[in-house]
Amino acid sequence: MTSAPNSTDRTGRLRRLWALVRKEALQIVRDPSSILIAFVLPFILVFLFGYGVSLDTTRTRIGLVVEETTPSAQDLAASFRASRYFDVIDGHDRREFEEALVLGRVRGIVVIPSTFAADLAGRRPAAIQVLVDGAEPNTANFVQNYARGVVATWAAVRASESASAPVGVAVEQRFWFNPELASRFFLVPGAIAIVMTLVGTLLTSLVIAREWERGTMEALMATPVSAAELLIGKILPYFVLALGAMTLCVGLAVFLFGVPFRGSLVALYALSAAFLMPALGQGLLISAATKNQFLASQLALMSGFLPAFLLSGFLFEINSMPGPIQWLTMIVPARYLIPSLQTVFLAGDIWSMFLPAIAVMAGMGFVLFVLAARNTAKRIA
Amino acid sequence: MWWTRLKALIVKELLALLRDPKARLILVGPPLVQLLVFSYAATLDVTNIDLVVLDRDAGAASRELVQRLEGAPDFRSVVPVAGEAALAAAIDRQEAIAAISIGPTFSRDIAAGVPAKVQVILDGRRSNASQIVAGYISRIVQGLGAEIAVSGGRAPPPVDVVARNWFNPNLIYQWFMVPNLVASIALLIGLIVTALSIARERELGTFDQLMVSPLRTHEILIGKVIPPMLVGSVHLTLYVLAAVLVFGIPLRGSLGLLYGSALFYLLSVAGLGLFISALAATQQQAILGAFLLLVPATLLSGFATPIENMPEWLQPVTIVNPLRYFLIIVRGVFLKDLPVAEIAAQTLPLALIAAATLTAAAWLFRRRLE
Amino acid sequence: MAEPVVRIENVTLDFGQGAPALRNVSGLVEGGITGLVGPDGAGKTTLIRLMTGLLLPDEGRLSVLGFDTRSEAAAVQAAIGYMPQRFGLYEDLSVAENLDLYADLRGLPPAERAEVFERLLSFTDLKRFTGRLAGRLSGGMKQKLGLACALLTKPRLLLLDEPSVGVDPVSRRDLWAMVKELAGEGIGVLWSTAYLDEAEACDRVLLLNAGELLFSGPPGDLTQQVDGRVFRLTGVGQGRRAVLAEVLGGRGIVDGVIQGETIRLVVAGGAEEKDAAITEARSRAGEGAEVRPTPPRFEDAFIDMLGGGPGGRSQLAEASPMRAAGGDEAVIEARGLTKRFGDFTAADDISFSIPRGQIFGLLGPNGAGKSTTFKMLCGLLKPTSGEGRVAGFDLRRKSAEARNQLGYMAQKFSLYGDLSVDQNLAFFAGAYGLGGARRHERTALMKEVFALSPHAGMSAKDLPLGLKQRLALACAVMHDPAALFLDEPTSGVDPVTRREFWTHINGLVEKGVTVLVTTHFMDEAEYCDRIALIYRGRAIALGSPDELRASVASPERPDPTMEDAFIALIERSRLAEAA
């Protein structure tokens, strides 16, 4: 009698799938490194983005050189000392600070020149000099802008004290969604994308490459398991693991760091799930193409982790990048996830924004899965 | 005798790294592509800004304002919208990072010499970029206001702020980013290559073969450390060339000092890698372990954000991070001609880190024989 | 007659690397146990993979249990059990979890599970270890677990790719008994092996060589071909290694191996040729040698079929200097070596010493402590107490000096696979401090002796197993060591390559090199001057092969084999412990 090949039988298929998933889960639980990457790294990342890495310039140390002792110069100097953006060190000669500027001990030097009061009195435009450390352009910009702000405020107050009332145009700024301008509010969602990339792409590509290296793949292939079952059996556990890591991040962000969560969980999980499709697909494809852990890790690093970090709009504005690089970001899945995640946290559910993002990510995932499945035909190369 | 042994080991390690064409490609190609792509991509400048304007005034002054915004180089598009709802939608969907709302009395107020007001709405989800945009807009609006005031003869002359940027007069972001990438890509590759070196031999069974040879523990460690350092030096050289020739970044300091300190940097990176390798039982653990170190090391280095912006209690953590010191050195040598004493002061911690990690790796290594 | 289990029709497969892996092979696998034998690289694994449908032939077709492997691969895979060479056990899963996984994958209904597990676990004697991680099992136990996983659903055809590599004789006997029982239940079994005593016990054998099928039929038919051409040379005693080398140089000698104090010879076909060969052999063997006919074994016929053994000359030994026989000091010495891991004693007070120019064998079941002892003696493991000395150097205090005097060959191939042959040689020359002219001279010699020059630029991992073996030996003896440590050096290697290997070892020993070897091949144990049998961490027997055999001789079994002795001594120790 011929035993019917049961690979088409539905319960058989489910049981095989379940067995593969359970096996993978046991392996995840037993290898400390997968736990580290899925649960310890999220802690570290959310923590670092919550506390450590901040794009908000708090207090920058500057040198202040007042070359004359007139009341108006002293008054302006006092404004600088009172500013909450500056940590002022006083000096009498700019040369005192030049070395400190080279060594990065101060980020700028503000010079109130000896002609200051005379210029003011003569109703000539008076000039304040600001020398900044251009080696760090971002800080340099902040120092310039804040110095301008201090001077403008001082001038306005002075003008209001004089007879003529100030007239001009007032700018009223309103920062929607994040009035405190806390950078962690938008960095934490980015960290979540990084964590999911690591679990989805790096970890997945490593574990499959390991099966090839250790010869367990051949044993699996000689069983009635189909290629599709093999792939799904790999994807499912890491899908759940990645969502778990994501949930952990969100929990930490909201409860520990007080990041607001204004959208719905449905949107959060829908977006994350959509993002994991290309992330996992990429992991599968890499491991199918390399079958070697070293190469897989390098590829995952280069095509997954770094783009998610640098080309996703997480830290750096995509609009400000040169044209060709903007085009390149179109194929980085994280680019679609991060703005939507920031929205879920800070703005709420804006489905008109989410749906296209989900569609693009799902489409990418589909293409990658097809490619991976083609590379994982049940044959030994 | 010892030199013969060591040389054999070093040659072997280099071959193991470079003989496979795939591995060779991965070691040389992507780091260069990364340098090119990321140094253009990684910019905190804000340009190509998209703006929407709700102009309920449509008077002379508001038209003047819109024209000035359109004329500003950093703004890509200034799109008029019809009402509050359209404005909100544009911000919500991130079609624009900022919206300017001009009230119906704007031109009238200005003409009457009454304080006029412009409302700017910014997308706080990208708070860093939107702050910078806010700065741009304020300057344009205030410039307009000041001109009107001066022409009306009502205000005292402004106090000029003359800013001069040392080291990087035009604040070109790549001048900052390329040196950063030089240091951090060297960390990325050096760490993973060394972390894998012992773990891989252990998994493939060649490690015992090494241990029964007359190579002594310290020779094995030296033999494992030098090849990644050589690879790192080659990367460094390529990057320095690219920085000068492709990006036109001035190299103001001494190349000799840069290489001298790079030696200690690469040594400390290799030390960290070996330490991970000695701890890990499998390649997977080595790779993921390297990662677990890599991410915080990059974030807590001053790469993207200055260390002095971090909370005070966190700053001490960065003193064990080799990247922190080398970033200062690379940036300093390129742009500032950093004095020798300062370079030495930044190199000393690197030497200490290298000594500590290599000692720890050797200890772990020997303990494995128990 | 019923439809054969596997029908192979004109199968050709070419991987595009030199000669095709299989060339126009046609044959049948029928019920019972079919042995698949042949030298390394003959295409055995390829043929098995073709039967699983994991590989497809370039030309020809295979039908397995009536299913075509090309169009009905799924049906084939559902009906067979397959145990690849490196069996795919998940080392971080326990025994029970591995069984569960494969039970699910093979669709074993849950209702039957308890009963099947029970049967397989008692069958494999793994019941005590169900909770243990597979990675922590000994080699033999892993192999048994692999078999159990392949047997979960009763397959109609069981494909076993070298299931007994690295398995000790006791476990091997168990494994064989298990498979025999299955064949009795009507399961077709294909067993590929490098152990020809196993092939001899099969119902039929397929003999592959260089991708071609040379023989197909009952093993007895092949053995018959050397009937009357197999002899034993006795009275050669201490000089047997030199005698063997001498005799193998004679005309008409097809094969020769050492069996304890005697030498086994196979001579060429024709009647006159035979007599001439015997006469010459006797004269070469010298005074006191006697030649007696002995019944042929399958192995004799196998070597004959492949055109004879590799001859007795070792160019390597000829190029090695004679080591001055300086004093009686032992070259390798173990003094009360003990190793404890926690409260488990892996090796307990093991002492022996090996004088210059002798081969010493460490035998024992998997996990008995012979690897631990071996590792302590070559400096890979620090003993808890006791000491090991090599060439007079204490391994603990003078480890680098001691290591300079030893050559080491690991059980699994452990050279640098990504490096070429030349680069591996250069590395090991350097690692042992050979420089300048000496290094040039030694690497050139190694390449010549082991015929590695044509493959000098190939990556070591791409070499066929036999060449890997040669390269590994070349790297181990490159620096002309006083002591050679061989850890299961010929595990999974075919008899022809094994003979070549031992020719070199014998030659080196004649020049005064001292050898410590661990092995599971009992015919390799025969090469040893003395043997220590390690069981449960202790040395339970120490003596020459003949002494060990004699110690278990009984009226029912007057002439026990080495394997009989191994099993009986362990049994005796087990009983003594129980008492």
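This report covers the chain contacts, one strand pairing, the domains of chain A and one residue of chain B in a predicted model.

Residues are numbered from 1 along each chain as its sequence is written, while chains are lettered from A and ligands numbered from 1 in the order in which they are written. As the model is predicted, local features need pLDDT of at least 70 and side-chain atom pairs count only at pLDDT 80 or more, whereas totals for chains, interfaces and linings use all residues.

The predictor assigns the complex a pTM of 0.83 and an ipTM of 0.79. For chain C the mean pLDDT (the predictor's confidence in each residue, from 0 to 100) is 86, with 98% of its residues at 70 or more.

Chain A is divided into domain 1 (23–53 + 181–375) and domain 2 (60–158); such bounds come from an automatic or database domain assignment. The centres of the two domains, taken over C-alpha atoms, are 47 Å apart.

Two residues are in contact if their C-beta atoms, placed from the backbone, lie within 7 Å. By this criterion chain B contributes 94 residues and chain A 92 residues to their contact. Helices (H or I, at least four residues) and strands (E, at least two) are DSSP runs, numbered from the N terminus. On the chain B side, H6(B) supplies the largest share, 15 residues. Between chains A and C, 26 residues of chain A touch 24 residues of chain C. Helix H1 (10–30) and helix H8 (216–221) of chain A each give two or more residues to that side, and H1(A) gives the most, nine residues.

The table lists both sides by class, where Ala, Val, Leu, Ile, Met, Phe, Trp, Tyr, Cys and Pro count as nonpolar, Asp, Glu, Lys and Arg as charged, and the others, Gly among them, as polar.

| Side | Nonpolar | Polar | Charged |
|---|---|---|---|
| Chain B, touching chain A | 56 residues | 24 residues | 14 residues |
| Chain A, touching chain C | 11 residues | eight residues | seven residues |

Strand S4 (residues 126–133) of chain A pairs with S5(B) in the parallel sense over eight bridges; two strands pair if DSSP finds at least two bridges between them. Within S5(B), Val159(B) stands opposite Ala126(A).

Leu300(B) lies in the loop between H11 and H12 of chain B. Leu300(B) is buried because 22 other C-beta atoms lie within 10 Å; the cut-offs, with C-beta atoms placed from the backbone, are 20 or more within 10 Å for buried, 12 or fewer for exposed, and partly exposed in between. From Leu300(B) to Pro349(B) the C-alpha to C-alpha distance is 16 Å, at a separation of 49 residues in sequence.
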